[in-house]
Structure formats: C-alpha cells, structure tokens
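Student: Got a minute to go through this model with me? Let's start on the surface.

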Amino acid sequence: MVLLTREDAPDIEETKRHTPAFYNIQNLPWHDWVMPETWFKLLNINPFTGGFTMLLKVGPNNTAPVHGHVGSVEGILIEGGFGYGDDRGRAGDYVREMGGINHIPNTDDDGMVMFAVVNGPLMGYNADGSIAAVVDAKFMYGLAAAQGAADHIEKPADW
C-alpha cells in the first residue's frame with residue numbers, strides 16, 4: 001500500500017481560497033420545500049449537473065408524491081427514518097437512490113432529517129403524467145435566495 005506523506009510531497013504551493021471552507025448550518029433556518037410537510041436547508045449547488053446538496057427534513061408518517069430522479073441521490077439519515085415498503089432506513093444509515101427511477105418514499109412515525117447529495121434534477125409530475133416541476137440547482141438556488149438563505153453559495157454569473 002502506498003501512503004501519502006509530507007516528506008514525499010512535491011513543492012507545490014497550496015491553493016489560496018477566496019471563500020471560507022466552513023459554514024455553520026445552524027445559521028440557516030428551515031424553509032418549506034416542494035412537497036407537503038418537507039423543509040430544506042440548501043448547502044451547495046452544482047450548476048453543471050443541476051445537482052445540489054441539502055439537509056432535508058420530512059414530517060412524520062409522510063408519503064411523498066411520486067417523483068423522479070434524473071441523477072442518483074446519496075444520503076445519510078441523521079434523525080428518524082424512511083423507506084419504500086419493507087426497505088427501511090434509520091438514523092445512521094446511508095441511502096443510495098439510483099438515477100432514472102420514480103418512487104414514492106414514506107417516513108416513519110418520527111419523520112426524518114437527511115443530509116442529501118442530489119446528483120441531478122428531480123422531476124415532479126402532474127396527474128396526467130406530464131412534468132409539473134424540474135427541481136434542479138437553479139430552482140433550489142432561487143428558492144433559498146428568496147428566503148435570504150443562499151448568501152453562503154456563489155451564484156453562477158450567467159444566472
């Protein structure tokens with residue numbers, strides 16, 4: 001096994017940061033999200049993939065409307081639990097939802113809070129199956145900015 005060591009490191013200058021690396025998420029209030037009894041804290045966006053990173057909070061015994069994932073979603077359950085039928089996760093569990101799926105998750109009796117990395121847009125549907133909403137990085141940035149909760153995120157110049 002090869003280990004990286006300071007002794008073997010080349011003489012490369014450390015990159016100078018123009019923004020802080022850390023942000024206290026306690027400074028962000030919870031805001032209503034796009035589904036009933038859901039709230040979010042937007043942490044970051046990826047304008048190239050349409051993905052975003054957030055904290056997601058969902059109320060107890062909540063069944064989400066059917067929605068689709070263009071890209072995969074990865075998350076860590078921080079509080080509570082949710083799942084799909086008998087496939088359930090609880091606080092401390094890692095979840096991976098594949099891109100290209102449609103599903104209807106539901107929360108446990110205590111709801112849930114999850115750190116989520118959304119690797120592409122989410123699709124909401126109308127009753128006839130047509131697309132009602134595309135929830136992507138730009139949409140999420142606008143939602144957070146409207147609440148004064150996006151100052152920690154660098155807005156792309158072309159938005």
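Tutor: Sure. It is a predicted model. Take Tyr94: its relative accessibility is 47%, so it counts as partly exposed.

Student: Why isn't Tyr94 simply called exposed?

Tutor: Because exposed means over 50% relative accessible area, and buried means under 20%. Tyr94, at 47%, is therefore partly exposed.

Student: Which strand is Tyr94 in?

Tutor: Strand 7, which covers residues 94-97.

Student: And which residues form a nonpolar patch with Tyr94?

Tutor: Ile76, Ile78 and Phe115. Together with Tyr94 they have about 360 Å² of accessible area on the surface.

Student: Switching to the inside. Which residues touch the most other members of the largest nonpolar core?

Tutor: Trp33, Leu42, Phe52, Met54, Met114 and Met140, out of 26 residues in that core. Strands 2 (38-46), 3 (51-58), 5 (73-84) and 9 (106-118) each supply at least two core residues, and so does helix 1 (137-146).

Student: What is Phe52 in contact with, beyond four places in sequence?

Tutor: Its partners include Leu42, Ile45, Val117, Leu122, Val135 and Met140. Asn44 and Asp136 are also among them.

Student: Zoom out. How many helices and strands in the chain?

Tutor: One helix and 11 strands. Along the sequence, the strands come before the helix.

Student: What share of the residues is buried?

Tutor: 37% of the 159 residues.

Student: And what about contacts between residues far apart in sequence?

Tutor: Among contacts with a separation of 6 or more, 61% join residues 24 or more positions apart.

Student: What does the chain expose?

Tutor: About 10,100 Å², with carbon and sulfur atoms supplying 54% of it.

Terms used
Residues numbered from 1 in each chain as written. Predicted model: local features only at pLDDT ≥ 70, side-chain atom pairs only at ≥ 80, totals over all residues. Heavy atoms only, no water. Patch = residues over 30% accessible without salt bridge, like charges linked within 9 Å, V, L, I, M, F, W, Y side chains within 5 Å. Areas by Shrake-Rupley, 256 points an atom, 1.4 Å probe, with all protein chains shown as cover. Salt bridge = Lys/Arg side-chain N within 4 Å of Asp/Glu carboxyl O. Helix = DSSP H or I, 4+ residues; strand = E, 2+ residues; numbered from the N terminus. Buried < 20%, exposed > 50% of the residue type's maximum accessible area, 1.4 Å probe, protein only. Core = buried A, V, L, I, M, F, W, Y, C linked by side-chain atoms within 4.5 Å. Contact = heavy atoms within 4.5 Å.
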